[in-house]
Amino acid sequence: MGEVQLSLENGTGSFSTAEVLINTEEMYRNFFENSIDGMFRITRFGRIMSANPAMARIFGYDSPKEFIHSIKNIGKQIYVDIEKYNALKRLMRKQDAVHDFEFQAIDKAGGKIWVCQNVRAVRNEAGLLLYYEGTIRDISPRKDLEDQLIQSQKMEAIGRLAGGIAHDFNNILTTMMGNAELALYQLAPQNPVRKRIKIIRETAERAAQLTRQLLTISRKQVISPVVLNINNAVDNVGKILDRLLGEDVQCSITLGESVLPIRADACQIEQVILNLAVNARDAMPNGGKLNISTSTVYLDQDYCKNHPEVVSGDYAMISVSDTGTGISDASMEHIFEPFYTTKAAGNGLGLSIVYGVVKQCGGCIEAVSTVGIGSSFKVYFPCVAETEKIKENPFSPPEGFMPSGKENILIVEDEVFIRELISDVLYRCGYTVYSAASAEEALAGYDSGGSRIDLLITDVILPGMRGQELAEELKARLPDMKVIFMSGYTDDRIRHSDILEGRAHFLPKPFTPVILAKKVREVLVPNEADIANV
């Protein structure tokens with residue numbers, strides 16, 4: 001046998017052809033055995049000839065031998081969609097090689113994984129097909145991130161649409177609700193028209209609830225975050241669950257010890273719990289068990305890699321699980337989308353509202369379900385420092401009275417019906433009221449009259465100068481003047497810090513005369529102990 005001259009770092013050495021072949025074979029064997037990608041050879045009929053350890057590992061098998069013996073036909077046993085396999089075969093007949101072919105595969109446990117395949121046909125000198133060989137890489141983590149990005153973009157687009165619709169609707173509903181309530185004040189109790197007006201008011205309130213849900217989905221809802229303990233929220237909701245769930249559903253609540261506080265809107269947290277509980281009830285038409293629990297968990301860096309919207313740290317978790325009908329894989333992909341529902345009745349907003357609240361709080365949500373066994377939802381809210389003071393009773397509802405006062409109030413609103421409604425309500429409450437359709441008109445009126453203004457109520461979006469700019473102009477002249485901003489949705493020009501820290505107050509549309517009067521008095525005299533009822 002001949003010799004081959006090889007150049008080495010320290011000189012020239014001689015190796016026999018046999019030695020070179022042995023070394024080359026050993027090198028490729030090591031490469032085959034230690035590759036992070038799956039490597040394979042298969043017959044033209046789909047039978048596996050050889051596979052490396054990575055190939056077995058990707059598909060959940062203990063060894064290449066087990067993998068080879070278990071898979072009799074890759075088209076039927078590996079591919080989730082047989083049409084994908086047929087498409088690959090058609091491509092191979094045309095071009096003998098396919099690169100970056102992505103498909104969903106089935107692993108040993110029956111689970112689904114995403115893989116990327118490169119494959120080529122190996123032929124002899126006469127062009128006869130001998131076998132196929134190639135590589136496979138598990139791309140499930142990347143596909144998961146892509147799906148999350150697509151879902152996020154889809155929800156963002158829906159949110160922008162919902163926010164715009166809600167903004168216009170809230171202006172209309174403010175006028176409807178307010179005038180209906182004022183009409184009821186003016187009609188005698190026995191007047192038959194009262195029944196019709198009550199129907200108008202109640203219908204408008206239902207529409208207002210729908211727009212609030214749309215704003216929650218779009219994350220444009222005005223919120224009032226406070227430091228609170230989710231145990232209190234669960235306990236508060238638990239008091240009414242028996243009436244909501246019915247006798248056939250057994251509900252157990254387990255509150256974790258020393259659950260760290262979170263910063264969130266108390267009403268929204270209750271809404272999350274209620275929506276998840278009602279959703280679980282609907283999944284158990286013949287009864288079942290509902291379990292609600294809380295705890296503090298730590299989400300580490302590994303978790304955050306698969307959930308890029310969160311950062312590592314302590315999170316307060318609410319877990320809601322049921323023994324219901326479960327959710328199919330096809331439905332699971334859409335459960336957080338607005339208006340998607342599998343129920344005969346319902347608007348499909350429950351879980352999308354939960355999703356919107358959780359994202360607005362900087363948290364995340366996980367859903368796991370098995371058809372015929374049940375579903376489990378875990379909601380994570382970022383914790384705040386224990387040193388921050390928890391609000392005593394953030395879940396108490398506001399009182400429903402209509403207070404009065406004698407102060408001077410300037411109203412700036414370009415929608416004439418809303419402007420007239422607010423003026424009428426506050427005039428009835430005893431205030432001296434001035435109004436304008438724009439910021440420029442308001443400034444001109446003040447410059448010509450110079451009257452004292454105790455409170456400015458302005459819409460955020462105005463023609464020409466915006467509401468915040470108007471407030472800054474007037475505050476420069478009247479430092480003691482209070483301000484209430486109002487809008488159909490949260491405008492980006494109002495800084496959240498201003499609202500949260502008390503430097504600005506916000507009145508979301510739609511609102512009733514009672515809510516308006518209470519908000520005005522609350523801003524003018526924050527610590528007033530005794531407010532007369534009108």
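In which sense do β9 and strand β11 pair, and over how many bridges? Select residues 288-299, which form β11, together with β9 at residues 249-254. In this predicted model, the two strands pair in the parallel sense over six bridges. Within the pair, Ile253 stands opposite Ile292 in β11.

Next, extend the selection to the whole sheet. Five strands form an open sheet with mixed pairing, and their order is β9-β11-β12-β14-β13. The edges are occupied by β9 and β13 (364-370); each has a single partner strand, so one side of each is left without a neighbour in the sheet. From one strand to the next, the twist averages 15°.

Now add helix α9, residues 266-282. Helix α9 lies across β9, β11, β12 (313-322) and β14 (374-382), and runs at about 30° to β12.

Then select helix α8, residues 230-245, and view this helix with α9. The axes of α8 and α9 come within 10 Å and cross at roughly 30°. The crossing is right-handed.

To inspect the contact between the helices, display the side chains on both partners. On α8, the residues to show are Ala233, Val234, Asn236, Val237, Ile240, Leu241, Leu244 and Leu245. These meet Ile269, Glu270, Ile273, Leu274, Ala277 and Arg281 in α9. Colouring by class shows 11 nonpolar, one polar and two charged residues in the contact of α8 with α9.

The tour may end with α9 and the sheet in one view: on one side of the selection is the contact with α8, and α9 also lies across β9, β11, β12 and β14.

How values were computed
Residues are numbered from 1 along each chain as its sequence is written. This is a predicted model: local features need pLDDT of at least 70, side-chain atom pairs count only at pLDDT 80 or more; totals for chains, interfaces and linings use all residues. Side-chain values use heavy atoms; hydrogens and water are left out. Two strands pair if DSSP finds at least two bridges between them. Helices (H or I, at least four residues) and strands (E, at least two) are DSSP runs, numbered from the N terminus. Axes are lines fitted to C-alpha atoms, for helices over the stretch in contact, and angles run from 0 to 180 degrees between N-to-C directions. Contact means heavy atoms within 4.5 Å. A crossing is left-handed if the near helix is turned anticlockwise from the far one by less than a right angle, and right-handed if clockwise. Ala, Val, Leu, Ile, Met, Phe, Trp, Tyr, Cys and Pro count as nonpolar, Asp, Glu, Lys and Arg as charged, and the others, Gly among them, as polar.
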